[in-house]
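Trainee: Could you take me through the aromatic rings in this one? I'd like a close look at how they pair up and how buried or exposed they are.

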Amino acid sequence: MITVMKLTIFYTVSFLLCICFHSVAQTESFIQNKNARIYYRTYGKGNPLLIINGGPGLNSDGFVGLAKELSSGNQTIIYDQRGTGKSSVSPLDSSTITMRLMIDDMEVLRKHLGFDQWSILGHSFGGMLASYYASVYPEHVRLLILSSSGGIDLGLQSYVGHTINDKLSKQENDSLKYWNDRIAGGDTSYSARYGRGMAMASAYVYNKNNIPIIAERLTQGNPVVNELVWQDLNKIQFNCAPKLRNFNKPVLIIQGKQDIIMIQTAEYAHQVLKNSKIVIVDRCAHYGWLDNPQDYLKEVNLFLLTGLKA
């Protein structure tokens with residue numbers, strides 16, 4: 001549905017993203033899944049927790065900080081989705097960038113690391129990918145955390161672009177249009193991408209001091225991967241609800257009260273997932289660990305320790 005030619009929609013809807021940190025991983029390596037080479041990093045020891053970043057089309061650099069934060073008592077794993085960051089795939093086209101192949105990458109990684117089960121935290125688009133994995137491989141999921149998830153179907157496509165624009169001031173929307181037009185005209189320079197990022201970053205955060213972090217992250221997306229993923233989501237008519245109605249593992253659905261993701265998206269997932277609970281974090285937009293780390297991390301850590309017993 002989303003094409004490079006429709007840049008205003010593409011850049012407002014497509015990057016359900018994450019903040020950027022840098023650190024040294026405890027372990028980093030690659031796995032091979034046919035024609036895809038997938039880069040991953042691990043931190044800490046304990047129960048395995050796969051953390052799936054947002055996007056689509058973004059690497060996992062933005063989740064190093066969260067992986068380190070949650071590595072006390074857990075072995076956290078982050079990875080670059082195929083075609084992003086240090087991960088590669090050839091050819092890069094609709095035959096190699098699909099949701100099914102993306103969850104198969106996760107399965108190859110799980111087997112490589114030797115886990116029968118792992119917990120999964122999927123953030124934003126990563127929540128959609130985590131939901132799809134849980135619908136296909138439920139026996140390998142211990143706990144599921146949907147963090148500001150894009151949802152278990154494609155309902156967000158009807159509103160998220162408008163939600164983002166509504167959170168921007170007139171000046172920011174005008175600036176966004178200016179930079180989108182520049183990029184559509186062929187200006188793919190860093191300054192143009194950063195200008196666009198600065199124009200739209202405030203929609204994603206409650207604490208406006210973090211706008212430059214998000215703006216920088218917005219420069220790092222791969223628009224080709226992004227477009228291909230959204231094409232596949234629409235092609236397969238992405239809808240995990242039928243299979244997830246039978247998913248009985250504990251699920252935490254957590255997002256910000258001021259998120260670009262509507263509460264209705266979380267409530268629908270809660271309705272479908274019979275063993276789930278919702279936590280809405282106040283003074284928080286799309287990044288709980290950035291806007292309100294005290295409340296967000298408290299809830300996530302408690303759930304990882306106790307499941308729904310809390």
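**Aromatic rings up close**

Mentor: Let's start with Tyr194, which counts as partly exposed because its relative accessibility is 26%, between the 20% and 50% cut-offs. Keep in mind that this is a predicted model. Its partner Tyr190 is also partly exposed, with a relative accessibility of 41%. The two rings of Tyr190 and Tyr194 make a stacked pair, with 5.8 Å from centre to centre and 20 degrees between the planes. Both residues sit in helix 7, which covers residues 190-200. They are 4 residues apart there, so about one turn of the helix separates Tyr190 from Tyr194.

Now for some context: the structure has 10 aromatic pairs in total. Another of them joins Tyr133 and Tyr137, and this one is tilted, at 5.2 Å centre to centre with 40 degrees between the planes. Here both partners are buried: Tyr133 has 0% relative accessibility, and Tyr137 has 14%. Buried means under 20%, so Tyr137 falls on that side of the cut-off.

Aromatic rings also turn up in a bigger grouping than a pair. Phe63, Tyr287, Trp289 and Tyr296 come together as one aromatic cluster.

Last, there's a ring with a charged neighbour. Arg37 lies over the face of Phe30, 3.7 Å from the ring centre.

Conventions: Residues numbered from 1 in each chain as written. Predicted model: local features only at pLDDT ≥ 70, side-chain atom pairs only at ≥ 80, totals over all residues. Heavy atoms only, no water. Phe/Tyr/Trp six-rings, centres within 6.5 Å; stacked < 30°, edge-to-face > 60°. Buried < 20%, exposed > 50% of the residue type's maximum accessible area, 1.4 Å probe, protein only. Helix = DSSP H or I, 4+ residues; strand = E, 2+ residues; numbered from the N terminus. Lys NZ or Arg CZ within 6 Å of the ring centre and 35° of its normal.
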